[in-house]
Amino acid sequence: SFLPLIFIIKCISKHSLITSVMNCNIDFKVIDEKGEFGKGVGVGVICEVYTLFWNEFSISMTLGERERVPFVRHDYFVQEWEAVGRILVKGFVSVSYFPTFLSKAFLCYCLFGNQVPDSMFVDSFTKYLSPVEEEFIVDIIRKNDEFTDFLERFKCRRVVTTENLSQVILEISKQELVQKPHLMISSLQPFVRQLKQYPQFQTITAVEGFYDSLKPTTKKVLSCLTSNPQSEGERDAFKFLRRFVRGLEMPKLLQFLRFTTAMDVMIDKKTGVAFIKCEGLSARPIAHTCGPLLEIPSTYANFVELREAFMNIPN
């Protein structure tokens, strides 16, 4: 189970030792469905908690599609958004977790202010929109079609012409990505700018590269799997595993990544694959996210058996 998002942030924002939280080693215990503390300990649990927190945050506290920004809530003010900033920095420093759904333009504005180029605002805005709306915008730019309804959505009253079309889209981009969430930016900035001591956050180009590095792909996941099979059964099992990963579409690839590492982003860490001998109902993959280490049976008769075992893993 996972504590409600608002409860966690409210607790952190009111913690009496809040000034020292950033310098503490924080450990977590997860409560299972029976209301008891789970047996998991260590870095795997920490990764899982940050992943769960930011997944819930993306749903409950942000607007946008592929890239998102926080939105104004009546029950959140400076203290609460400062708590979010602490969680953001602490998660990166502790386990290299960073929520890639955050708009790149929003993050770079927190880091670099007015140095963010106009092209990044427009690019992030198209990802803030749905894919259908992005295609619509591209068609507008190409054809200068009428798009009154679209402008109404963003409270734009300007008369759009061929000459000012690009400027209007840029202005709407800045309105949605930095003007509306201005309170959140001013609250997050003191904490987010602490990240500038790390190479990933020292330039806008570095931030863009960092986002790309965190994005899971089939090739990246395969390259992280390491093993040393000693028998024909182990070699077959590892071959079946790689074949299974190659066939995964993005939602299932993220599920596999969550199962093996407790995170939904790529970090520079290998996942070891070890082999166990078991049959029947016990012939199932076991993930140790603290390693991370994935144990798979070496007794699968064929690829279909391995695929079935992985597809039966709960989300």
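**Exercise 1. Work out the handedness of the crossing where helix 5 passes helix 10, and describe the packing.**

Step 1. Helix 5 passes helix 10 in a right-handed crossing; that is, the near helix is turned clockwise from the far one by less than a right angle, while anticlockwise would be left-handed. Helices here are DSSP runs (H or I, at least four residues; strands are E, at least two), numbered from the N terminus. Keep in mind that this is a predicted model, where local features need pLDDT of at least 70, side-chain atom pairs count only at pLDDT 80 or more, and totals for chains, interfaces and linings use all residues. Residues are numbered from 1 along each chain as its sequence is written, and side-chain values use heavy atoms, with hydrogens and water left out.

Step 2. Helix 5 covers residues 104–112 and helix 10 residues 182–192; they pack at about 65 degrees with axes 8 Å apart. The axes are lines fitted to C-alpha atoms over the stretch in contact, and angles run from 0 to 180 degrees between N-to-C directions.

Step 3. Now for who touches whom (heavy atoms within 4.5 Å). Helix 5 brings F106, L107, Y109, C110 and L111, and helix 10 answers with M184, I185, L188, Q189 and V192.

**Exercise 2. Find out how many residues of helix 5 are buried, and what covers them.**

Step 1. Nine of its nine residues are buried, meaning under 20% relative accessible area (exposed is over 50%, partly exposed in between; 1.4 Å probe, protein chains only).

Step 2. The cover includes strand 2 (68–70), helix 6 (118–128), helix 9 (165–179), helix 10 and helix 11 (204–214).

**Exercise 3. Classify two of the aromatic pairs in this structure.**

Step 1. There are 21 aromatic pairs in total. Rings of Phe, Tyr and Trp (its six-membered ring) pair if their centres lie within 6.5 Å; planes under 30 degrees apart are stacked, over 60 edge-to-face, the rest tilted.

Step 2. Take F28 and Y50: the centres are 5.8 Å apart and the planes stand at 85 degrees, so this pair is edge-to-face. F28 sits in the loop between helix 2 (18–21) and helix 3 (43–60), Y50 in helix 3, 22 residues apart. F28 is partly exposed at 23%, whereas Y50 is buried at 6%.

Step 3. Next, F57 and W81: 6.2 Å and 90 degrees, edge-to-face again. This pair links helix 3 with helix 4 (residues 78–95), across 24 residues, and both F57 and W81 are buried.
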